[in-house]
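Let's look at how two protein chains sit against each other, and at what lies inside them. Keep the model open while you read.

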Amino acid sequence: MRPGVQAVFQKMAQDLVERVIPAISPSYHQGTVGMIAAMLAMVSEEWDRAASRRAEENDRLRELFRDAAPVVENADLKRRLLELAKTQDRDLRVSALEANNCALRVALIDLHSKIERQKGPAARKVEDAIWKELVRSTERRRFSTAPF
Amino acid sequence: MASLEAELATYIQSKMPEATGVRVDRLEQISGGASRQTYRFRVSYQHESAERERSLILRRDPSASLIDTDRRIEFAAYRAFFKTPVPVPEVLWLEDDPRHLGSPFFIGVEMRGLQTAPSMMQREPYAAHHQKIAEQKWSILGEIAKQDPARLGLVGTMEPVKPENCWKRELDYWEGVLDSDELIPQPIMRAAIRWMRRNPPPPAQKVSVVHGDYRTGNFLYDEQGRIHGILDWEMSHLGDPLEDFGWSLNRVWCWAQDDRRGGLVLRDQAIAIWEKASGLKAAPEALQWWELFATVKGQGIWVSSAHAWETGENKDPILVLSSWALMNSQDRAALELMGHLR
C-alpha cells in the first residue's frame, strides 16, 4: 500500500483536527471526531511495529521460559513452560501473533506467581528476569502521546 | 432531538405543577463523563405571571457505559454536598422509571461558561493558574474527606465499610472486574494485586465519602483558575480517603506528559496541600498502596470499556480510545510504584 498507511492515517488525523472539527457542531460531535482522530494517529504509530513487537516479545518470553523451566519446582508448570518454549510464530498475521502472545502471557502470570513464592537465588534471578521483561513489554507498547 | 425535548417538557411540567407552558429547547448532547449520556437544554415557563427560564443538564443512562454505576448514589452525593465547602451543581429530579425518556435519568442545574477539559488546562489563560487550581483541587478533596458521611445523610445510601476492610472490598471488586472483562492477559496488574494482598495498607484513618473519580477533567473551572463544581460522582462510595487521593495522583492523569500530577503540580506539593486541608496523614507506605490500587482500578475501567465495546454493549469511541490510550500507561505507573521502572 503506497502511500504508506502510517503517513496516510497521520494526515487523515491531522485533517480531522485542523479542518473538519472546526467546521462541525455541536461540540459533542467535535469531541467524537477528535477521538477518532486520536485513534487514527495511534493506529498510524502502531501499524509499522504491530507484527515485529509481538514477534519480538513472543521470542523473549520463550527464551525466558526456557531459562526458567529448570528452576521451577512445580512439575506441571515446568512441562508447560518447556512446551511453550518450543513453539514458533509460523503465521505472521497480527491476530495470530497476538493469540500466541496471549497464551505466552497467561503462562507468564502462572510462572511469576509461583516463582515469587519459591525460595533461593535461582528463583530470584528468574523473578528479576520477569520484571525486566515486563518493563520491556511496556516500552514496546508505548505511544508517543501517552500521558506516562 | 425534538421528541426528547417534548418528553423533557412533559416530565418537567409534571414536576412543576405551579408552572404553566413549560417548553424545552436548545437541547444539545455534551461530553459529560463516559458513564451517562449528558445533555444541556433550556427550560422556559410561566410562574406567577412572569416568564422564567433555566439552563439545565440531563444525565441519562445508556445501555452500557464505561463504568457500571448507580444513578441513585450519584444523585444522593450531589444533593448531600450542595451548599457545603465542596462545590457541586444543584440537582433537581431523579427518575428511575424508563417510560419518561427511554431510560432512567436525573436533571440538574447547568453551571455555564466553565471548562472541564484537561487539555484546555494546559493552554492560556488557564495554564497561568496551575498552582491556584491545584490548591483548590486538593483542598476540596481534603474537604470531602473531612465531611461526616452520617451528617451528609449518605450512610444507608452508600454501603457501610469498616476502616480495616476498605482496602479489601475495593481490591476484591476491581480484581473481579479484571477477571470478568479482560480481553488480554494482564501480567503486571496480576503481579500488583498479589503484592497488594501480601502488603495490605493500615486501616483507614477514618471512613469518609470517596468521590471515586477525583481528577483533573472532573471539575468545572474558569479563566481565573477558580474551581466551581466537582462533577461525576457516579463511583462515589464510603471508604478510605487515601483511595481518592491516590487516584488523583495517578500517572495517567499527567496530562502535560511530565511529572506534574493532574497536569498541575508535583506529587509532593499535592501531598502537602491535601494533608493540610484534610487534617489526615498521607503516610508513604499507605499512600503507595493506594496509588498502586489506583492503577488496578484504572486498568479495571479500561479493560471493561474495551470489553463493552467488543461485546457490542456500547460502541462509543471513548471506550476504545480510553483503552488504547491508557492501558499501557497504567501498566507503567504500576511498574514505577513497585520500583521496577528506572
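## Where the chains meet

Between chain B and chain A there are 12 residue pairs in polar contact, both at pLDDT 80 or more (that's a pair of N or O atoms within 3.5 Å; within protein, one must be able to donate a hydrogen and the other to accept it, and residues adjacent in sequence count only if both atoms are side-chain atoms). On chain B's side, α10(B) gives the most, with 14 residues. This is a predicted model, where local features need pLDDT of at least 70, side-chain atom pairs count only at pLDDT 80 or more, and totals for chains, interfaces and linings use all residues. Residues are numbered from 1 along each chain, chains are lettered from A in the order in which they are written, and side-chain values use heavy atoms, without hydrogens and water.

Here's the side of chain B that touches chain A, sorted by residue kind:

| Kind | Residues |
|---|---|
| nonpolar | 19 residues |
| polar | seven residues |
| charged | nine residues |

Here, Ala, Val, Leu, Ile, Met, Phe, Trp, Tyr, Cys and Pro count as nonpolar, Asp, Glu, Lys and Arg as charged, and the others, Gly among them, as polar.

The interface also holds three salt bridges, meaning a side-chain nitrogen of Lys or Arg within 4 Å of a carboxyl oxygen of Asp or Glu. A:Glu139 and B:Arg332 form a salt bridge, at 2.7 Å from N to O.

How many residues are in contact (heavy atoms within 4.5 Å)? Chain B brings 35 residues, and they meet 32 of chain A.

Definitions and conventions. Contact means heavy atoms within 4.5 Å. Helices (H or I, at least four residues) and strands (E, at least two) are DSSP runs, numbered from the N terminus.
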